[in-house]
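Open the model in your viewer and keep the sequence panel beside it. The tour below goes from one selection to the next and says what is there.

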Amino acid sequence: MKKLMLALALLAGLWSLGAHAVEDKYQFKNAEREQTFKELVQELRCPKCQNQNIADSDAVVAKDLRDRVLDMVQEGKSKQEVIDFMIDRYGYFVHYQPPVTPATIVLWVMPVVILVLGFGFIVFRQKKAARKQSWSPEDEQKLAELIKQSQRKERTS
């Protein structure tokens with residue numbers, strides 16, 4: 001029983017070591033660089049995990065990216081220089097806030113344009129159909145004549 005308790009205590013201790021934030025094990029020259037590092041690892045996306053930032057990801061590539069960010073921050077690179085480096089290497093996907101480009105504008109605007117055009121097409125078709133279905137006095141007269149002819153045929157039969 002004592003061995004089991006010791007093993008559980010050891011596992012709990014090891015687990016609590018892994019529960020600390022990733023940033024805690026890195027040493028920084030000043031608080032400004034530490035803050036820059038923390039912001040960057042929260043802002044950069046893991047290429048493997050896709051919807052997880054590199055601070056929270058356990059993937060090997062995320063660790064490599066954290067280490068590269070750390071090196072660049074320790075070298076005195078600005079936040080934008082680090083982001084630019086990562087975008088050059090991994091594409092816009094690695095950054096949670098991609099820039100507005102003609103391609104991204106098309107991605108955001110086209111669904112709205114298609115929706116508006118589709119709604120306009122439906123309204124146009126409904127109005128056209130409503131115009132076709134409206135009865136004119138001539139239509140009323142033709143209908144009355146057809147009803148009379150039908151009633152005559154029924155009487156003769």
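A polar contact is a pair of N or O atoms within 3.5 Å; within protein, one of the two must be able to donate a hydrogen and the other to accept it. Keep in mind that this is a predicted model.

**Stop 1: Asn53**

Select Asn53, in the loop between α2 and α3. Show its side chain together with the backbone of Asp56: a polar atom of the Asn53 side chain lies 2.8 Å from the backbone nitrogen of Asp56. Is Asn53 buried or exposed? Its relative accessibility is 8%, so Asn53 counts as buried, the cut-off for buried being under 20%. Now display what surrounds it. Leaving aside residues up to four places away in sequence, Asn53 touches Val41, Gln42, Leu44, Arg45, Cys46 and Tyr96.

**Stop 2: helix α3**

Select residues 60-74, which form helix α3. Place a distance between the C-alpha atoms at its two ends; the value is 21 Å. Why does 21 Å agree with a helix of 15 residues? At 1.5 Å a residue, the expected span is also 21 Å, because the rise is multiplied by one less than the number of residues.

Next, colour Ala62, Leu65, Arg66, Val69, Leu70, Met72 and Val73, the buried residues of α3. They cover an arc of only 165° around the axis, which puts them on the same side of the helix. Which helices do these buried residues pack against? Show α2 (31-43) and α4 (79-90), and you have the partners.

Then move just past the end of α3 to Gly76, where phi is positive, at about 95°.

**Stop 3: salt bridges**

How many salt bridges does a search of the whole structure find? The search finds four.

Stay with α3 and select Lys63 and Asp67. Their closest N and O atoms are 2.9 Å apart, in a salt bridge. Both residues lie in α3, four residues apart, or about one turn of the helix. Asp67 has 23% relative accessibility and counts as partly exposed. Lys63 is also partly exposed, at 36%.

Go to helix α2 and select Glu34 and Lys38. The side chains of this pair meet in a salt bridge, with 3.5 Å from N to O. Being four residues apart in α2, Glu34 and Lys38 are separated by about one helical turn. Lys38 is partly exposed, with a relative accessible area of 30%, and Glu34 is partly exposed at 28%.

Now select Glu39 and Lys79, which form a salt bridge with closest N and O atoms 3.2 Å apart. Glu39 lies in helix α2 and Lys79 in helix α4, so the pair ties together parts that are 40 residues apart in sequence. Glu39 is partly exposed, with a relative accessible area of 33%; Lys79 is partly exposed too, at 28%. Add Glu43 to the selection: salt bridges that share partners join Glu39, Glu43 and Lys79 into one network.

**Stop 4: residues 105-124**

Finish by selecting residues 105-124. An unreviewed UniProt entry lists this stretch as "transmembrane region". What does the model show over residues 105-124? The chain there is 100% helix and 0% strand. Its end C-alpha atoms are 28 Å apart.

Technical notes
Residues are numbered from 1 along each chain as its sequence is written. This is a predicted model: local features need pLDDT of at least 70, side-chain atom pairs count only at pLDDT 80 or more; totals for chains, interfaces and linings use all residues. Side-chain values use heavy atoms; hydrogens and water are left out. Buried means under 20% relative accessible area, exposed over 50%, partly exposed in between (1.4 Å probe, protein chains only). The arc is that of the directions from the helix axis to the C-beta atoms. Contact means heavy atoms within 4.5 Å. UniProt positions are given in the numbering used here, feature names are shortened, and annotations may be inferred rather than shown by experiment.
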